[in-house]
Amino acid sequence: MEKVVLITGASSGIGKETAKLFQAKNWRVAATMRSPEKAADMKKIVDLRLIRLDVTEPESIRSAFAETLEHFGRIDAVVNNAGYGLLGPFEAASDEQIRRQFETNVFGLMAVCREAIPIFRKQKRGVIVNISSISGLAALPFSSLYAASKFAVEGFSESLAYELEPFGIRVKLIEPGPIKTDFYTRSEEIARDENLHVYEERFEKFLDFMNKGGTDAPDGGIVAEAIWNAVTDGTKKLRYGVNTKGLPMLKRWMPESVFRPLARKIFLK
Ligand SMILES: NC(=O)c1ccc[n+]([C@@H]2O[C@H](COP(=O)([O-])OP(=O)(O)OC[C@H]3O[C@@H](n4cnc5c(N)ncnc54)[C@H](OP(=O)(O)O)[C@@H]3O)[C@@H](O)[C@H]2O)c1
């Protein structure tokens, strides 16, 4: 019997590439997204079921899992991919923007885990893949809220991995560097406040650096490959870096007094 993966945020970028890769590897795919009606091109793929799921709506998570079980009869892996980046000076972000960043990247991911864990625990197997970022390991400037959300995903997943191991459930963290997706365009949210010109020059430089990085980057296919490895390698390995450009290694091994001036030079040049 073919195995089944449920992916959140499968409408574009990494989620969409992951859905296509698992389908090509003969898995059944529950490609969940906020607006399945817009994914006309994906509808043509056989064995790929488009299901509505907004990670900020608990009822839609419950019904997406129920529909997946009803249609495919099982779930073997869940990929928590839905997320976006809120960039800008912290001071410029509204309460609503701060909350929405965490509702999506952190609480949404946790809510999906809460739905998956009892199913996996009862069947004594399952893989949970959480998409973090190099921003979950090293915080870039003007990314305080995005970095905080991904640091939260890191801590949450690291702890959960120990906790669920005895039940045959493996938890995995994928840590991509820049990847060319809608992350840098359609999905990118900017915190701006016209009274805060004091940040403008440095922020614009950083934004330019970020968006250029995203344009010159490899596409979501390489992250999909890492997700495939994480789900199928059968190991207890927790972290899978993708196109990290050595940043996590530098942060781990360099003294902070050397790393921070270097980072400042790179990110705010
Ligand atoms: N691209 C990078 O450089 C990079 C690097 C490190 C980590 N990541 C992480 O990779 C993940 C995927 O991003 P991406 O690069 O593939 O960007 P993307 O192309 O913009 O895809 C983001 C996906 O998340 C979905 N999403 C946003 N809010 C949602 C919600 N409330 N409920 C359900 N789905 C929601 C979007 O759905 P809609 O189509 O409805 O908007 C879209 O499908 C994110 O977690 C991101 O933080 C990306």
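I'll talk about the ligand site first, then about one helix pair. Keep in mind that this is a predicted model.

Start with the ligand. Its shell holds 29 residues. The closest are Ser11, Tyr146, Thr181, Tyr184 and Ser187. Two helices each supply at least two shell residues: H1, spanning 13-24, and H5, spanning 144-164. What is the make-up of the shell by class? Eleven residues are nonpolar, 13 are polar and five are charged.

Now the polar contacts. Tyr146, already listed among the closest residues, puts a polar side-chain atom 2.7 Å from an oxygen of the ligand. Lys150 has a side-chain N or O atom 3.1 Å from a ligand oxygen. Asp54 faces a nitrogen instead: a polar atom of the Asp54 side chain sits 2.9 Å from a nitrogen atom of the ligand. And how much of the ligand does the protein cover? On its own, the ligand has 900 Å² of accessible area, and the protein covers 95% of that.

Next, the helix pair. Two packed helices are described by the angle and the distance between their axes. Here the pair is H3, residues 58-72, and H4, residues 95-123. Their axes come within 10 Å and cross at roughly 40°. The crossing is right-handed.

Which residues meet there? From H3, we have Ile61, Arg62, Phe65 and Leu69. From H4, we have Gly108, Ala111, Val112, Glu115, Ala116 and Ile119. By class, this contact has seven nonpolar residues, one polar and two charged.

That's the tour. Questions welcome.

Terms used. Residues are numbered from 1 along each chain as its sequence is written. This is a predicted model: local features need pLDDT of at least 70, side-chain atom pairs count only at pLDDT 80 or more; totals for chains, interfaces and linings use all residues. Side-chain values use heavy atoms; hydrogens and water are left out. A residue is near a molecule or strand if one of its heavy atoms lies within 4 Å of it. A polar contact is a pair of N or O atoms within 3.5 Å; within protein, one must be able to donate a hydrogen and the other to accept it, and residues adjacent in sequence count only if both atoms are side-chain atoms. Accessible areas come from the Shrake-Rupley method with a 1.4 Å probe; for residues, only the protein chains shown count as cover. Helices (H or I, at least four residues) and strands (E, at least two) are DSSP runs, numbered from the N terminus. Ala, Val, Leu, Ile, Met, Phe, Trp, Tyr, Cys and Pro count as nonpolar, Asp, Glu, Lys and Arg as charged, and the others, Gly among them, as polar. Axes are lines fitted to C-alpha atoms, for helices over the stretch in contact, and angles run from 0 to 180 degrees between N-to-C directions. A crossing is left-handed if the near helix is turned anticlockwise from the far one by less than a right angle, and right-handed if clockwise. Contact means heavy atoms within 4.5 Å.
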